[in-house]
Amino acid sequence: MSYSMNNGYDLWLNYTKISDEALLKTYQNHFQSIYLNDGGETIEVIKKELKMGLGGLLDMEVQFKPYDVSENQLIVSNYGNLPDSFKNSVDVSGITGEGYIIKTIKKGKQSYTVVTATEDIGLLYGTFHVLRTLKMHQSLDGLHIEESPKVDLRMLNHWDNLDRTIERGYAGFSIWNWQTLPDYIDQRYIDYARANASIGINGTALTNVNANALILTPQYLEKVKALADVFRPYGIKVYLTARFSAPMEIGGLQTADPLDSQVIQWWKDKAAEIYKSIPDFGGFLVKANSEGQPGPQNYGRTHLDGANLLADAVAPFKGKVIWRAFVYSEHDAEDRAKQAYSEFVPDDGKYHDNVLIQVKNGPIDFQPREPFHPMFGAMSNTPLAMEFQITKEYLGFATHLVYLPKLFEEVLQSDTYQKGEGSTVAKVVDGSLYNKKLTAMAGVSNIGNDANWTGHPFAQADWYGFGRLAWNPDMDSEQIADEWLRCTFNNNNNFLEPVKKLMLESREAVVNYMNPLGLHHIFDTGHHYGPGPWVGNLSRPEWNPVYYHKADEAGVGFDRTETGSDALSQYAPEFKEKFGNLETCPEEYLLWFHHLPWDYKLKSGRTLWDGLGIKYQQGVDQVREMITIWEDMKPYVDEYRHNQVSMLLGIQLKEAKWWRDACMLYFQTFSKMDFPEEMESPEHTLEYYKSLKFPYAPGIRPRWD
């Protein structure tokens, strides 16, 4: 069996004809025509999607007709316009405005697949669900689906700069061509909106959190308006990153002090200006007083002062302010893992109602494995937005196959114990733990202008999976992988089962060959490409990998118990007790919370030193297994994408060995112990690995020197 070439541009929305002839005829019979109620722009995009989707999948010309008692029909209608004979068969009282119902209803000899909602956007989401059902070869008989998102704001954070470079972007340049906007609307903008709507994403922050104030000038706001107009029918609101010093940089003021009356008025005027041209503008995303970004602390004020300033400015327009909690200071000697909690938790309940605090999933920085951030569950009176990183800054860029929904799921299902057992991070994020009215999940985008959008064909699954988990944080990552594979590749079980296994195990593989047993942030600095556990000469201590692993002749690891930084005290007592006790601390977090001797005995009976070497080797072996599995998939995948993934897996194997060899050689300078017999001998010397330089690694801004 062979499949035609597919460069990946269509993502999971490739509407190629269903190859199973019997199933094709069944579907064609189900959808002899379509009844779609009249409406505005969103109804028009539903019509286009159905023409394209059903036309391609069912190889037929799609017929839109009034309600017909003589044909099997797909009926797509908001509840108010639903034919009367169907109204008693569906109950929309349990769904939200974005929710939808899909139900198969029999009337006489006819069968109707009904998609209904209370708002047009719900109909669009329901339409994409129907198309996904067909792509996954599922039965339409007896359907009864009720879906509403569990999280209000489901958004992408683009770290795109105005010069089209993307910080931590590994799939080309920004898709936003500011030079040709607003007059030229690239088809990519429309397809971007389609892809996001198909997985329920309803917000996008267009610009980097390391912000440029120019985005708030009239010249750029008219370009932003053009994008907002494209996205609106797809239910997507535009957000912008606000540079805190903008009143000075583009407003001519002498200060950006959040308590200064002129500054307060400037932000109110700027908000009114934006909302005049973009009435549904979502609001501002802010990174302040972090990594050199300006903020309220420049003026002796607090994050609370800064967030509430902007919240007041957008409140008359029902806008939101999303204030990032990613803060740490070179002037603070406290463990970096503790600093955000220390700055934000004391002000719990004082933020205005339209403020969300956006918290990274872990307390350091998007590591291959981190415990969940202690702020989750600790602020019962303030909405916390989850921030995941979809782009793989610390996970091999876009060259490594690492299925991130497995990581996202691990975080979301972690128990905070803040209201007893079962107080999962997911319940904090969806608002159910503390009855929050405002909920959000953000993902740092991995999208660029590469043909397939994400660089690595399998990185599309991270974008897809983020959207599905933002819709429902309790979704299972295996179910998401199954959906994505069926929609993106094919429904052949000989393909699905092995590749699903490969995806689900890939995240553990990367942890093993990069940061096993709780090691973290031992990446080469700046670009974060490859290992750099030896780096210790940078001006700020917390920018140096040696700060995090603390290797010496006595052992390795960061002591975060009462004898060390006591970061564990920021978690609930049950968590602190479990992770603070060596008998009960899961070994995958051992060196995150404990500094241990090289000869410490692991549960396997082997020394910590041997355990590290075995884990590094295991990661390399897991990549070899991935290569073998993928090679066997040749009959089921088009040659173009099979070859792409094969080449990238080759890079991943080479770099997994690099990680193993460089890290173990470096740590051996302290342990003075032989490598375990299970570990292959390093290919080069430690001096060789330390000599490697990557001044133009992707994901950093170019230097013109």
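## A walk through the helix packing

Helices α15 and α19 are roughly antiparallel to each other, because their angle exceeds the cut-off of 145 degrees. You are looking at a predicted model, and this pair is our starting point.

**Stop 1: α15 and α19.** Select residues 493-514 for α15 and residues 608-632 for α19; the two pack at an angle of about 155°, with axes 8 Å apart. Turn the view until you can see α15 pass α19 in a left-handed crossing. Now show side chains. On the α15 side, the contact includes F495, P498, V499, L502 and Y513, and these residues belong to a set that meets α19 residues including Y616, V620, V623, I629 and W630. Colour the contact by class and you should find 13 nonpolar, 5 polar and 5 charged residues.

**Stop 2: α11 and α13.** Next, select residues 405-412 (α11) and residues 460-471 (α13), whose axes come within 9 Å and cross at roughly 30°. That angle makes α11 roughly parallel to α13. From α11, pick P405, F408, E409 and L412; from α13, pick A461, D462, G465, F466 and L469, and you have the contact. Its classes are 6 nonpolar, 1 polar and 2 charged residues.

**Stop 3: α13 again, now with α14.** Keep α13 on screen and add residues 477-488, which form α14; here the axes come within 10 Å and cross at roughly 130°. How are α13 and α14 oriented to each other? They are oblique, and their crossing is right-handed. Q460, A461, Y464, G465, R468 and L469 of α13 meet I480, E483, W484 and T488 of α14. This contact divides into 5 nonpolar, 3 polar and 2 charged residues.

**Stop 4: α10.** Move to residues 336-344. Is this helix mostly covered or mostly uncovered? Mostly covered: 7 of its 9 residues are buried. Select R336, A337, K338, Q339, A340, Y341 and F344 to see the buried ones. To find what they pack against, add α9 (303-314), β10 (320-324), β11 (355-360) and α16 (545-549).

**Stop 5: the nonpolar cores.** In soluble globular proteins, nonpolar side chains tend to be buried together. Here the largest nonpolar core has 229 residues, and F231, W267, M375 and W463 touch the most other members. Helix α20 (residues 639-671) gives this core its largest share, 12 residues. Finish by selecting Y35, L82, V92 and I105, which are among the 11 residues of another core lying apart from the largest one.

Conventions: Residues are numbered from 1 along each chain as its sequence is written. This is a predicted model: local features need pLDDT of at least 70, side-chain atom pairs count only at pLDDT 80 or more; totals for chains, interfaces and linings use all residues. Side-chain values use heavy atoms; hydrogens and water are left out. Axes are lines fitted to C-alpha atoms, for helices over the stretch in contact, and angles run from 0 to 180 degrees between N-to-C directions. Helices (H or I, at least four residues) and strands (E, at least two) are DSSP runs, numbered from the N terminus. Angles under 35 degrees count as roughly parallel, over 145 as roughly antiparallel, 65 to 115 as roughly perpendicular and the rest as oblique. A crossing is left-handed if the near helix is turned anticlockwise from the far one by less than a right angle, and right-handed if clockwise. Contact means heavy atoms within 4.5 Å. Ala, Val, Leu, Ile, Met, Phe, Trp, Tyr, Cys and Pro count as nonpolar, Asp, Glu, Lys and Arg as charged, and the others, Gly among them, as polar. A nonpolar core is a set of buried Ala, Val, Leu, Ile, Met, Phe, Trp, Tyr and Cys residues joined through side-chain atoms within 4.5 Å. Buried means under 20% relative accessible area, exposed over 50%, partly exposed in between (1.4 Å probe, protein chains only).
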